[in-house]
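Trainee: I would like to learn how to read the features of a model. Can we go through one together?
Mentor: Gladly. Here it is.

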Amino acid sequence: MLEKTFEPKAAEPRIYAQWEDSGLFAPRAAKPTDGAADAYSIVIPPPNVTGSLHIGHALNNTLQDILARYHRMKGKAVLWLPGTDHAGIATQMVVERKLAAEGNIGRRDLGRDAFIEKVWEWKAESGGTIVRQLRRLGSSCDWSRERFTLDEGLNAAVRKVFVQLHKDGLIYRDKRLVNWDPHFQTAISDLEVEQKEVDGAYWHFAYRLSDGVTYQHPITFDEDGKATEFETRDFIVVATTRPETMLGDTGVAVHPEDERYKGLVGRFVTLPITGRRIPIVADDYADPTKGSGAVKITPAHDFNDFGVGKRAGLEALNVMDAFGRITAADTPDVPAEYEGMDRFAARKAIVGRAEEEGWLREIEKTRHMVPHGDRSGVVIEPWMTDQWYVDAKVMAQPALKAVEDGATVFEPKSYEKIYFEWLRNIEPWCISRQLWWGHRIPAWYGPNGEIYVAETEEDAREQALSDYDSEVVLTQDEDVLDTWFSSALWPFSTMGWPEKTEDLERFYPTSDLVTAADIIFFWVARMMMMGMHFMDGEVPFKRVIINGLVRDEKGQKMSKSKGNVIDPLNIIDELGADPLRFTMAILSGTRDIKLSKQRIEGYRNFGTKLWNAARFSQMNEARRVEGFDPATVQQTINRWIRGELTKAERQVSDAIEGGRFDDAAGALYRFIWNVFCDWYLELAKPVFNGADEAAKAETRAVTAWTIDQTLKLLHPVMPYITEELWAELGKEGPARNGLLMGETWPVLPDAFVDASAEAEIGWLVDLIGEIRALRAEMNVPPSAKPPLAFVAPDAASAERIARHRDLILTLGRVSEVAVAEAAPAGAVTFVSGGATVALSLAGIIDLAAERTRLEKEIAAFDADIGHVNKKLGNPNFVSRAAPEVVDEQRAKLAEAEEGKARLQAALKRLESL
C-alpha cells in the first residue's frame, strides 16, 4: 500500500540517481531503419559557470525537459546536450574578489598565467554548482556529453572560426565606439549594460561664435508660434548631461530646417577651456523642439554623436583613458590641470569654471537613464578604441532569409519581428574584450605592427617569415573574445565540429531551441549567422520556442531589492520539484508570467490529488491485469473514461508537439482532477461496492490501466511523483519492464472514443454539475437533501433517470429522484440534457433571508464595479499606472461583473418561488 503522502525530499535524490544510472539520459542506439525524423536534439542555453539556479532557469529547463522526456517516450533518439558558459567578465570578477578576500595580491601583480591557473582552480571547486542544481529540477540531460565553452574542443573550434572569418574578410580590426567599463577596463556588450534612472542635470553652456559672427535669435512668439522679437547673439547654447565630454567636442549640430540657425551652418564656435575652433554642421539628429535645438557633438564619447561625426567629417578626439580619467593624448589643447582627473571630478571642475567665466546659462535638474555595467555597477563610458569586429551585416543576410523562408520558425511567431528588426539594422559586432579569462584572440603582432591571424603560434611564425628574413619575436593579442562569440558556435561546436562526428551527422541541425526573448539578438541571431556560415547553409535549429519572463504575482519584475524573488531551490526544498515544474508549464503561455508561492502550493495539491487517487484505487483492489485489453470493456463508465483518456492523450501530444506547454499542462490537469478523480472514481464507487463481480473486475482493471496511461502522460511535466507511483503500483500485478522514463508514450486508437458512453455519462455529469451549482447559488446547507423531480421527461431521459437514480441521489445530495407532470410548488427549475428539472427548496432555505443576502452581495458587487470603473475611466490612471496594475483592475472588474450576473440569476430564480 502506498504511503499516505509523497515525500519529495527523500524520493527525488533516489529517483534521479536511478535515472542517471539507467543510461536513459543518453540517446538510444541507432537503428538501421532510423531516418532524420527518428532523432530529436536540443542544446541547453549554457548558464554561466558562476551562476546558481534562478526562476528563469527553472522555467527554461522545465520546458526543455518536457520536450526531451516526451520525444524519448515517443521512441526517438533524444540528445539534450548540456553545458556551461565560461562567462568571461563574471568569472574574472568572482575570482578577483576571492583573491582579495583571501588577502592575495591582485590580478595584475599575479600575472596572466598564474591568474588563469587560479580561475581554473576555482572552476574545479565551485564551477559545477548550477549543474548540480539542474539535476535537482529533474533535468534529463545527457551529462556524459557535458561541454564547457572553454574546454579544449570548443577552444579549437573558436580558433578555427576566427581564422576562417578573418580569411573571408568578415573579421577585421577597427577603431570605433564601444561600451567601456572603466572598472574592468574592458569593452562590454549591450546585454551587460544596465540602464538605471538617476538624478542628474542638463547643464546649458554658451559657446561663443568665432570670427565676430552674430545672428538674430528669436526670444518672443505670437499665438501661432511666429517670432515677434529678436536679440542679437554672438553665442549658441547647447545642453549636456556630461559636461566633462565637452573637452572632446569637435562640432555643434543644428537641424537643416531650423530657421534660427540656418545662417550659422558652416560657421564656427570657439570651444571654452580648450580654445578649439569647431564647426556648426546641419544634421537631422538635432531636434529643433528640444532645448535650444543645438547639440554639442563629441564623436569619441557618444554613439549618436559618432554617427553625426561620420556624416559631417568631424574629428573624433578621445579625452579619457581606460580608467575614465581625462587625458590630452589625442589633443594637446586640453589644459594640463585636467590631465589624470577622474571624469566626475572633471565634471565638477568644468561646471565651476563655466559658472565663474559666465558661459553657464542654466542648470536644469532632471531624472534620466544612465548606462551602468551590470557587474561592476559603474557608469559605462562610450569610448573610442581599437577592437576586433565581425562584419555582421554580411553574415546576417542568410540568417534573415532562413527565417523569412520558414527554415527556422519562432513560437510564438510574433517574436520574429524582434529578430528581423535587429538583423535588418545590424551594426558591426565588437568581439574583443580586455579581459584575461576567455578565448584569447588568435592574432600575433610582429615588431613593426604586422598582424598574423592563425590557429597556432607556429602557424603565425610561418606567416611572419614572408615579411622577415629570419624568425622574430611575435606577441599575441592580449584581448579575449566576447563570450557570445563562443556561444554562437554552441549548436555545432558541442557536437565535435570541426571534426565530422557521428553526433553532427545524427543530431544536427537541432530540433528545437528554448530560450528567452532578451537574447534573440545576442545569441539566437548569432547562432543562426555562424551555423549557416560554417555548416553549409544549414540552420542550427528548426524551431525557436521563446519562453516568457517570470514576474511576481503582481506582474512586477523580481529583484532582491524589492524582496519579491522566488528562489526555485527553496521551493524544491519545501514543496518538491514537481509542483514548481507544473506551475512553470501551465503558466508558460504568456509573455509575463505572474508567479506566487500560493500557485505552486496549489499544484502541489494537484500531485497530492493524484497520489490519493492511486491509494484509493489500491484500497479498492484496482490492480493491473496480465493481458488486459481496454478495447473489450463493456461498462458505460469504463468505455467513457477510455474515451476521455484518448482525447486527453491527443490534447497533450498535440500541445507538446506545438510547444504549447500551458495547453498540455491544462489538459492534464482537467483530465486528472476533473474527469478521473472527481467523476470517474466517484462513479466507480458503487461498482466497487456492488455485487456485480464482472463489472467490479472490469472497473478495477480499467482503473489500474487508466492510472498507468495517466502516469505516462504526466511524466514529462511531473517526473518524480509519476516515477514513484509507477514503481509502487508495479509491485502488484505483472512485473514492470523498467523505469517509467523508458516507457513508450501511449497512442490510443480513435475507436476508444465511444459516442454513446460519452453522451450517457455526459448527461449525468451535466446534471450533477447543475444541481451542485444551484445548491451553491441558493446557499443550500451541505447537510440538506432537497427532493428532485424531472418534469415530464421523454422516454430516453426516463431510462437514464432509472439507470442512474442511485448516483443522482448520492452525488447530487438529494432526498429523492421523482418524475412529475409539473414542477412542485416552491421548486427552482433548470434545464439539463434537454429535460426540465425541479429542485424543491421550500422549507430548506429561508427565502426572505436568502433574498436579503443576495441583494446585499449584489450591492457589494455594484460598489466594487463602480469603484473600478471610476479608476479605469480616469485617463491619468490608465496612462500613468503600471500596465500590470491596470490589467489587475480590468480583471477585477470582469470578476465582479461575472459574480453580479451569477447572483442576479439566483435572485431571479428565488423570486419565481
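Trainee: In what sense do strand 30 and strand 31 pair, and over how many bridges?
Mentor: Keep in mind that this is a predicted model. Strand 30 and strand 31, the latter covering residues 835–840, run antiparallel and share 6 bridges. One register point: Ala827 faces Ser840 of strand 31.

Trainee: What is the strand order of the sheet around them?
Mentor: The order is 29-28-31-30, in an open sheet of 4 strands with mixed pairing. Strand 29 (817–820) and strand 30 (827–832) form the edges, each pairing on one side only. From one strand to the next, the twist averages 30°.

Trainee: Which strands of the sheet does helix 24 touch?
Mentor: Helix 24 (residues 755–777) packs on the sheet and touches strand 28 (788–791), strand 30 and strand 31. The helix direction makes about 150° with that of strand 30. Helix 25 (residues 795–812) also packs on the sheet, touching strand 28, strand 29 and strand 31. The direction of helix 25 makes about 150° with that of strand 29.

Trainee: How should I think about side chains along a strand?
Mentor: In a regular strand, side chains alternate between the two faces of the sheet. Bridges then tell you about partners. Take strand 7 (residues 193–209), which pairs antiparallel with strand 15 (residues 360–373) over 13 bridges. There, Val198 has His368 as its bridge partner.

Trainee: How many bridges join strand 7 to strand 10, and how many to strand 12?
Mentor: Strand 10 (residues 235–240) pairs with strand 7 over 6 bridges, in the antiparallel sense. Phe205 is matched with Val238 of strand 10. Strand 12 (residues 268–270) runs antiparallel to strand 7 and is joined by 2 bridges. Leu209 is matched with Val269 there.

Trainee: Now helices. How do I find a buried face?
Mentor: An α-helix has 3.6 residues a turn, so residues three or four places apart point the same way. Look for that spacing in the burial pattern. In helix 11 (residues 416–424), the buried residues are Glu416, Tyr419, Phe420 and Leu423. Down the axis of helix 11 they fall within an arc of 95°, so they line one face of the helix. On the other side, Lys417 and Glu421 are exposed.

Trainee: What do the buried residues of helix 11 pack against?
Mentor: Three elements: helix 10 (392–404), strand 17 (409–411) and helix 16 (520–534).

Trainee: Next, aromatics. How many aromatic pairs does a search of the whole structure find?
Mentor: The search finds 35. Read each pair by centre distance and plane angle. For Tyr172 and Tyr389, the ring centres are 6.0 Å apart and the planes lie at 20°, so the pair is stacked. The cut-off for stacked is under 30 degrees. Tyr172 is in strand 5 (residues 171–181) and Tyr389 in strand 16 (residues 381–390), so the pair ties together parts 217 residues apart in sequence.

Trainee: Are those two rings buried or exposed?
Mentor: Tyr172 is partly exposed, at 25% relative accessible area. Tyr389 is buried, at 1% relative accessibility.

Trainee: Which aromatic pair involves Tyr419?
Mentor: Tyr419 pairs with Phe410. The pair is tilted: 5.3 Å centre to centre, 50° between the planes. Phe410 is buried at 2% relative accessibility, and Tyr419 is buried at 1%.

Trainee: Which residues do ring pairs link into a cluster?
Mentor: Phe582, Tyr603, Phe606, Tyr669 and Trp673.

Trainee: Where do charges sit over rings?
Mentor: Check the distance from charge to ring centre. The charged end of Arg69 sits over the ring of Trp19, 4.2 Å from its centre. Arg277 lies over the face of Phe268, at 4.3 Å from the ring centre.

Trainee: Finally, what does the whole chain look like?
Mentor: The protein chain has 28 helices and 31 strands. Its C-alpha trace spans about 110 × 80 × 55 Å along the principal axes. Of its 913 residues, 53% count as buried. For contact range, take pairs at least 6 apart in sequence: 77% of those contacts join residues at least 24 apart.

Technical notes: Residues numbered from 1 in each chain as written. Predicted model: local features only at pLDDT ≥ 70, side-chain atom pairs only at ≥ 80, totals over all residues. Heavy atoms only, no water. Buried < 20%, exposed > 50% of the residue type's maximum accessible area, 1.4 Å probe, protein only. Arc of directions from axis to C-beta. Contact = heavy atoms within 4.5 Å. Pairing = 2+ DSSP bridges. Axes fitted to C-alpha atoms, helices over the stretch in contact; angles between N-to-C directions. Phe/Tyr/Trp six-rings, centres within 6.5 Å; stacked < 30°, edge-to-face > 60°. Lys NZ or Arg CZ within 6 Å of the ring centre and 35° of its normal.
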